[in-house]
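This report introduces a structure to a reader who has not met it before. The sequence and the model are shown first, and the description follows.

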Amino acid sequence: MANHLFIPLVSPLLGATLAVIFGRQRLVARAMVLASVLCNLGYSLWLLWLVGTQGRQVSQGGGWIAPFGISMVADGLGAIMLCVASVLMLATVAYSFFTLDPAYERYFYYPLLLLLLLGVSGAFLTGDIFNLYVWFEVLLMASFGLITLGGTRGQLEGGLKYMVLNLVGSTAFLIACGLLYGVVGTLNMAHIAERMASVREPGILTAVACMFLFAYGSKAAIVPLYFWLPTSYHTPPVAVTAIFSGLLTKVGAYSLYRVFGTVMQNELQHLAPLLLLIAGLTMVIGVLGAMAQMNVRRILSFHIVSQIGYTIMGLGLASAAGLAAGLLFTAHVMIVKAALFFIGGAAEQIYGTAEIKPMGGLARREPALAIFWFLGILSLAGIPPLSGFFGKLALLQVGVGQGAYLISAVAAGTSILTFFSMLKIWNEVFWKKAYADMSKLPRVGPGLLLPGAALVVVSLVAGLAASTLVDYSTLAGTQLFDQAGYIGAVCGADGCEAVYESALR
Amino acid sequence: MVLLLAIAIGSLFGGAIYLMLRRSVVKLILGLVLLSHGVNLLIFVMGDGVRRGAPPIVDAQGLPPPGVADPLVQALILTAIVISFGLTAFVLALAYRANQAVGTDDLDDMASTDRL
């Protein structure tokens, strides 16, 4: 029993409540928020070590025996995602302290951020499919609040589309949960995995799997379900866009990994060609969309879509090695993408617009900002020794090793297009001569620079310590693909069905 | 009964999708409400024992007592109702604010964030 798994849920909830109560004393409220994020970060680092040395950690909610209650399970995948989420949340909170209009704070911006962290942490740790749906709703509720907070016309329009399309995705998720319960008669993921083998009509499981693919795919913004993302992500403040880019689509990707990698492995084998097709289309269409844009945040938003393609490619390779490579890449892109949003946001703060045409000359004026931006785009494109190289290398190695040459070629080609499209921002914002007199523009303070720079440094360190990370992600991929081990960890060595039968006797 | 419920669920989904494809925001929201009702009924059907046999409730002999329905689906529906209630309230407020800001109920006029 590892009841400490509830710490990352209790801490943000407590922090959010206290931050609401102490809303008027700004410093106290901020201290509460920072404390609970730091608590999550420290805990997730410890959990990462614990899972690495002792394997999966399981806790049964309310003390119910396994297939009856809600299980919380932390394996390598969950621990890595939890850790990256806490790092991103820390950077976002720090960035918000320095950049955000104080009016946001009065309308409970920080409590909403913590509730987002709560939903995300719950989704990463739960071992129950309906509970996953509930955590999705928790984080969606918080994200609806965050995306519309401020109430500008763009935010309301973008927020409405974001909300409606996400509600449709959630509905599909709920339908899939209901159908799955109707077929296998359980909601515990380990128990579902065990009963999948003995379903009398296996055809219906493929239908359920497609429903899950639609639901999580619309959250993860795969082609052709990505439309809500580029129309809404550039409307809220930069800090919100950065944390959304790091967390929201990745929760969808995580759920795809969990449900297809562990629970419905047979269906993963059926759907693998479709997943690879989706992965290729997502990469290419995302990056082409980015090349057509002339706004920093829209370019980066389209790149989120493109990078999701790589994550799906790891899933579509349908092997432990593929999942491990996809996971390594996803963890990297969460960090680097948020860093680029922060740095791009600093440029936006200086010029007062996110359009790249009127910008220029920033490399001379703010060399530190330019250096970190350049390192960030090198990492995103996959240049050694930054973390992006190792994520893409692992994906291409597995892809070529399994004979998936076409998708590997598309992935490599997309990297070049990614770099090209990021260079457009580099040229326009940093390198070209400034049109106007820049001496009156504000300077970049350390608060604006540090969160993004720190994340770029994390990416650099991750690249230099790549062998450790590759080992860990291999462990996580193996754990994820090891269905029998998952069932054993949740329900005991005899499996869930035995516990179920003996409990009914 | 299952046939009747199937027809009801199908009609709810059909009506919901028709309404959601209209351009009016209000009809879109009504479509979302219908959709959530359709899903609730769908989950309800999944638990009535028609497909899987008995609920996991047993008496001293290990047999399901007669006349007991599966309580789990009802708990799921309750959760789903509460969530969709909250979301509907939020989306109504959001649509109201969007209507104030844009001055129209037509989704085609809410495209300022899509343009290049």
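## Surroundings of Phe173(A)

In this predicted model, Phe173(A) touches Ile129(A), Leu132(A), Tyr133(A) and Phe136(A). Its contacts also include Phe212(A), Ala215(A) and Tyr216(A), where residues up to four places away in sequence are not counted.

## The largest nonpolar core

Phe173(A) is among the residues with the most contacts inside the largest nonpolar core, which has 216 residues. The others named in this group are Tyr109(A), Ile129(A), Phe212(A), Phe244(A) and Trp373(A). Helix 14 of chain A, residues 320–351, provides the largest share of this core, with 20 residues. Two of the residues in the group, Ile129(A) and Phe212(A), are also touched by Phe173(A).

## The interface of chain B and chain A

The contact between the chains draws on 41 residues from chain B and 43 residues from chain A. About 3,600 Å² is buried between chain B and chain A, and carbon and sulfur atoms give 74% of this area. Across the interface, the rule finds 0 salt bridges. It finds 1 residue pair in polar contact, with both residues at pLDDT 80 or more.

On the side of chain B that touches chain A, at least two residues are supplied by each of helix 1 (2–20), helix 2 (25–46) and helix 3 (71–102) of chain B. Helix 3 of chain B gives the most, with 16 residues. By residue class, this side of chain B divides into 29 nonpolar, 5 polar and 7 charged residues.

How values were computed
Residues numbered from 1 in each chain as written. Chains lettered and ligands numbered in written order. Predicted model: local features only at pLDDT ≥ 70, side-chain atom pairs only at ≥ 80, totals over all residues. Heavy atoms only, no water. Contact = heavy atoms within 4.5 Å. Buried area = accessible area lost by both parts, 1.4 Å probe. Salt bridge = Lys/Arg side-chain N within 4 Å of Asp/Glu carboxyl O. Polar contact = N/O pair within 3.5 Å; in protein donor to acceptor, adjacent residues only side chain to side chain. Helix = DSSP H or I, 4+ residues; strand = E, 2+ residues; numbered from the N terminus. Nonpolar A, V, L, I, M, F, W, Y, C, P; charged D, E, K, R; others polar. Core = buried A, V, L, I, M, F, W, Y, C linked by side-chain atoms within 4.5 Å. Buried < 20%, exposed > 50% of the residue type's maximum accessible area, 1.4 Å probe, protein only.
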